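Hi,

Here is the structure I promised to send over. Have a look at it first, and my notes follow below.

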Amino acid sequence: MKNSHFIHLLKNQFNLSEDGEKMLEPRIKKIFMPKGTPLLRPREICRYIYFLESGFLRLYKENGEQQTTDFGCEGHFCAAVESLLNQSESEEGIICETDAKLYALHYYDLMMLEELSIEFLLLSKNLLSYYLLRLNQEKKVYLKGNATEKFKYVCKHYPGLVAHIKNKDMASYLGITQQSFSRMLKENLTKG
């Protein structure tokens, strides 16, 4: 099976059946993207939901300069969700921050699967619930936490990310200046 890692995750985490596996397998594309490759540019329509087998992705908006909005890492699903669900122009772009091994499922293939089997309606619901719970958890940290707490959250939930992300991109995600981020990084490294 060419998509065994992805299928294995769906079977274990979301109870994908053998029939569901057979229906899904031919619709998944396994792709390898080099560092710096854009998967989506702002003002394009997000047509795919991605699952990362390895690598890091960065989501961003362009407001004169890039504003980092989110990350994706190994084991995460990633898409410009509003654009994907509405099939409308995206405010966000998605770029590979490292070489990345991805599985891509086209939006219309997912819609077709949902029409063919209730199992995929439940799978879509579970994926969306998973994403919303993750967003809610992050929202709590970002509403109450300071930049250091936000940074610690990122380090815990996106292991190894900081080594691959430019300081300016991490600073924009945390809502602080690049100089403040450099100082914070130095302080966290000296504390261990």
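Leaving aside its neighbours within four places in sequence, which residues is Met23 in contact with? They are Leu113, Leu116, Ser117 and Phe120, where contact means heavy atoms within 4.5 Å. Met23 sits in helix α2 (residues 18-24); helices here are DSSP runs of H or I with at least four residues, strands are E runs of at least two, and both are numbered from the N terminus. Met23 is partly exposed because its relative accessible area is 22% (buried is under 20%, exposed over 50%, partly exposed in between, with a 1.4 Å probe and protein chains only). Its C-alpha atom is 49 Å from that of Met184, which is 161 residues away along the chain.

Before the rest, some housekeeping. This is a predicted model, so local features need pLDDT of at least 70 and side-chain atom pairs count only at pLDDT 80 or more, while totals for chains, interfaces and linings use all residues. Residues are numbered from 1 along each chain as its sequence is written, and side-chain values use heavy atoms, with hydrogens and water left out.

Now the helix packing around α5. Two packed helices are described by the angle between their axes and the distance between the axes. Axes are lines fitted to C-alpha atoms, for helices over the stretch in contact, and angles run from 0 to 180 degrees between N-to-C directions. Under 35 degrees counts as roughly parallel, over 145 as roughly antiparallel, 65 to 115 as roughly perpendicular, and the rest as oblique.

Helix α5 (residues 118-144) and helix α6 (residues 147-157) have axes that come within 8 Å and cross at roughly 150°, so the two are roughly antiparallel. On the α5 side the contact uses Arg134, Gln137, Glu138, Val141, Tyr142 and Lys144, and on the α6 side Glu149, Lys150, Tyr153, Val154 and His157. Sorted by class, that contact has 4 nonpolar, 2 polar and 5 charged residues (Ala, Val, Leu, Ile, Met, Phe, Trp, Tyr, Cys and Pro count as nonpolar, Asp, Glu, Lys and Arg as charged, and the others, Gly among them, as polar).

With helix α4 (residues 107-116), the α5 axis comes within 5 Å and crosses at roughly 130°, so this pair is oblique. Leu110, Leu113 and Glu114 of α4 meet Phe120, Leu121 and Ser124 of α5. The split there is 4 nonpolar, 1 polar and 1 charged.

And α1? Its axis lies 12 Å from that of α5, at an angle of about 85°, which means the two are roughly perpendicular. Leu10, Gln13 and Phe14 in α1 touch Leu123, Asn126, Leu127 and Tyr130 in α5, giving 5 nonpolar, 2 polar and no charged residues.

One more residue of α5: Lys140 is exposed, with a relative accessible area of 53%.

On to the empty space. How many cavities of 30 Å³ or more does the structure hold? There are 2. A cavity is a set of points, on a 1 Å grid over the protein atoms alone, where a 1.4 Å probe fits but cannot get out, and lining residues have an atom within 4 Å of a point. Points are joined across faces, edges and corners, and a volume is the space filled by probe spheres set on the points.

The largest has a volume of about 100 Å³. Its lining has 14 residues, with Phe6, Ile49, Phe77, Leu105 and Leu127 nearest the centre. α1 (4-14), β3 (48-54), β8 (100-106) and α5 each give two or more residues to that lining. By class, the lining has 14 nonpolar, no polar and no charged residues.

The second largest, at about 40 Å³, is lined by Leu59, Asp70, Phe77, Cys78, Ala79, Tyr131 and Arg134. Here the classes are 5 nonpolar, no polar and 2 charged, and β6 (77-78) and α5 each supply at least two of the residues.

Lastly, two backbone oddities. Arg43 is not a glycine but has a positive phi of about 80°. It sits in the loop between β2 (38-40) and β3 and counts as exposed at 56% relative accessibility. Gln87, also not a glycine, has a positive phi of about 50°. That residue is in the loop between α3 (81-86) and β7 (92-96) and is buried, at 17% relative accessible area.

Cheers

Notes
1 Å grid on protein atoms, 1.4 Å probe; cavity = no way out; pocket = protein on both sides within 12 Å on 5 of 7 lines; lining within 4 Å.
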